[in-house]
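Notebook open, structure loaded. I wanted to go through the surface, the inside and the charged pairs in turn.

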Amino acid sequence: MLPALLAIAAGLALLVWSADRFVEGSAVTARHFGMPPLLIGMVVVGFGTSAPEMVVSALAASQGNPGLALGNAYGSNITNIALILGITAIISPIAVHSQVMRKELPILAGITLLAIWQLLDGSLSRLDAVGLLLTFTALLGWSIWAGMKKPQDALALEVSAELDERVMPIRNAVLWLVAGLALLIISSRILVWGAVDLATAFGVSDLIIGLTIVAIGTSLPELASSVIAARKGEHDLALGNILGSNMFNTLAVVGIAGMIAPMEVAGDVLVRDLPVMAGLTFALFALGYGFRGPGRINRVEGVLLITAFVAYTLYLLISTF
């Protein structure tokens, strides 16, 4: 058991560090080649912070651990909204000014309903995976169109200010991009091995390990970027990190895992985990959309989100052990 715990700790530490290097290198490289700041914030940063989930779930699916693949993706979504946004809102209440963010909130809710509908038959087929990846491609195209149509959105201004603080030669940026991606793959392999070994040692499903330890660990890049953005008053960037990450997780991460290995879906995912993810997603939509003005997530609501996360995690542990 000790080697598994050490592998998980080392894998997560290297995963978080390499993800940060990958995001920074990708963002600086994208700006060097003229990508608009709004697209960098929505596409590059969203993809980069979800890269750990993507690599871990792909490896888990290829090695015959579907519970770990799905648990990592959906558990990360739950962690992003309940824990990370909760912590971020307590540090600095989140005001939503970006019109693009207000459009993405209902889109995320719709994507969540699509995910639930696909899994109602108890399986994730390759056809389901193709549907998710096609939806992801269409959403990516819409993001590019929206970024070109309204380049001076509030999110774009925050991303531009953030990039101004991260100045480096293009050669260094490309080096961090490549090295970060390579280390992501290596650390993910270490993490998956440790997670599967730990699940075997405790006699629990890899789904539970994916929903808890792995999901929280792979969400640490989102935690770091959202907290830093909130402390700087970059509220739309903090929320954008979460929205982008959850869209990537639901569509691309699950879609890639399903393409690699179609899988049966445990009943617990349908009756426990997906309803929790959906409930939190619709709560985020209600809080962030702002039907009578700019959306806002205050400190009290942040505490409620964290309380929901703690209650869900405790329920997982109590029902398992």
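Started with Met1, to see how much of that residue is covered. I get a relative accessible area of 48%, so I put Met1 down as partly exposed. Reminder to self: this is a predicted model.

**Surface patch**

Where does Met1 sit relative to H1? I found Met1 in the segment before H1. I then looked up which patch Met1 belongs to, and it is a nonpolar one of about 1,000 Å². Its other members are Leu2, Leu5, Leu6, Phe202, Val310, Leu314, Leu317, Ile318 and Phe321.

Which helices each supply at least two residues of this patch? I noted H1, running 2-32, and H12, running 299-320. Of the contributors, H12 gives the most, with 4 residues.

**Cavities**

Next I went inside. I count 2 cavities of 30 Å³ or more in the structure. I took the second largest for a closer look, and about 30 Å³ of space lies in it.

What lines the second largest cavity? I listed Thr79, Leu211, Thr212, Ile216, Phe309, Tyr312, Thr313 and Leu316. By class, I have 5 nonpolar and 3 polar residues in that lining, and no charged ones.

Helix H8 (206-218) and H12 each supply at least two of the lining residues. The largest share is from H12, with 4 residues. So H12 goes into my notes twice, as the top contributor to the nonpolar patch and to the lining of the second largest cavity.

**Salt bridges**

Then the charged pairs. Side chains of opposite charge can pair when their charged atoms come close. How many salt bridges does the structure hold? I get 2.

I looked at Arg272 with Asp268 and found the closest N and O atoms 3.7 Å apart. Why is the separation about one helical turn? Because Arg272 and Asp268 are 4 residues apart in helix H11, which covers residues 267-289.

The other bridge pairs Arg272 with Asp273, and there the closest N and O atoms are 2.7 Å apart. I wrote the three residues up together, since Asp268, Arg272 and Asp273 are linked in a network of salt bridges.

Are these residues buried or partly exposed? Arg272 has a relative accessible area of 11%, so I call Arg272 buried. Asp273 is at 1% relative accessibility, so Asp273 counts as buried. Asp268 is at 41%, so I have Asp268 as partly exposed.

**Long-range pairs**

Last, two pairs of residues far apart in numbering. I checked Thr281 in helix H11. With a relative accessible area of 3%, Thr281 is buried. The C-alpha atoms of Thr281 and Ile78 are separated by 8.4 Å, and the two residues are 203 residues apart along the chain.

I also checked Lys103, which lies in helix H4, residues 99-119. Lys103 comes out at 47% relative accessibility, so I mark Lys103 as partly exposed. I paired Lys103 with Tyr289, 186 residues away along the chain, and their C-alpha atoms are separated by 8.3 Å.

How values were computed. Residues are numbered from 1 along each chain as its sequence is written. This is a predicted model: local features need pLDDT of at least 70, side-chain atom pairs count only at pLDDT 80 or more; totals for chains, interfaces and linings use all residues. Side-chain values use heavy atoms; hydrogens and water are left out. Patches are made of residues with over 30% relative accessible area and no salt bridge: like charges are joined within 9 Å, nonpolar side chains (Val, Leu, Ile, Met, Phe, Trp, Tyr) within 5 Å. Accessible areas come from the Shrake-Rupley method with a 1.4 Å probe; for residues, only the protein chains shown count as cover. A salt bridge is a side-chain nitrogen of Lys or Arg within 4 Å of a carboxyl oxygen of Asp or Glu. Buried means under 20% relative accessible area, exposed over 50%, partly exposed in between (1.4 Å probe, protein chains only). On a 1 Å grid over the protein atoms alone, a cavity is a set of points where a 1.4 Å probe fits but cannot get out, and a pocket is an open set with protein on both sides within 12 Å along at least five of seven lines; lining residues have an atom within 4 Å of a point. Grid points are joined across faces, edges and corners, and a volume is the space filled by probe spheres set on the points. Ala, Val, Leu, Ile, Met, Phe, Trp, Tyr, Cys and Pro count as nonpolar, Asp, Glu, Lys and Arg as charged, and the others, Gly among them, as polar.
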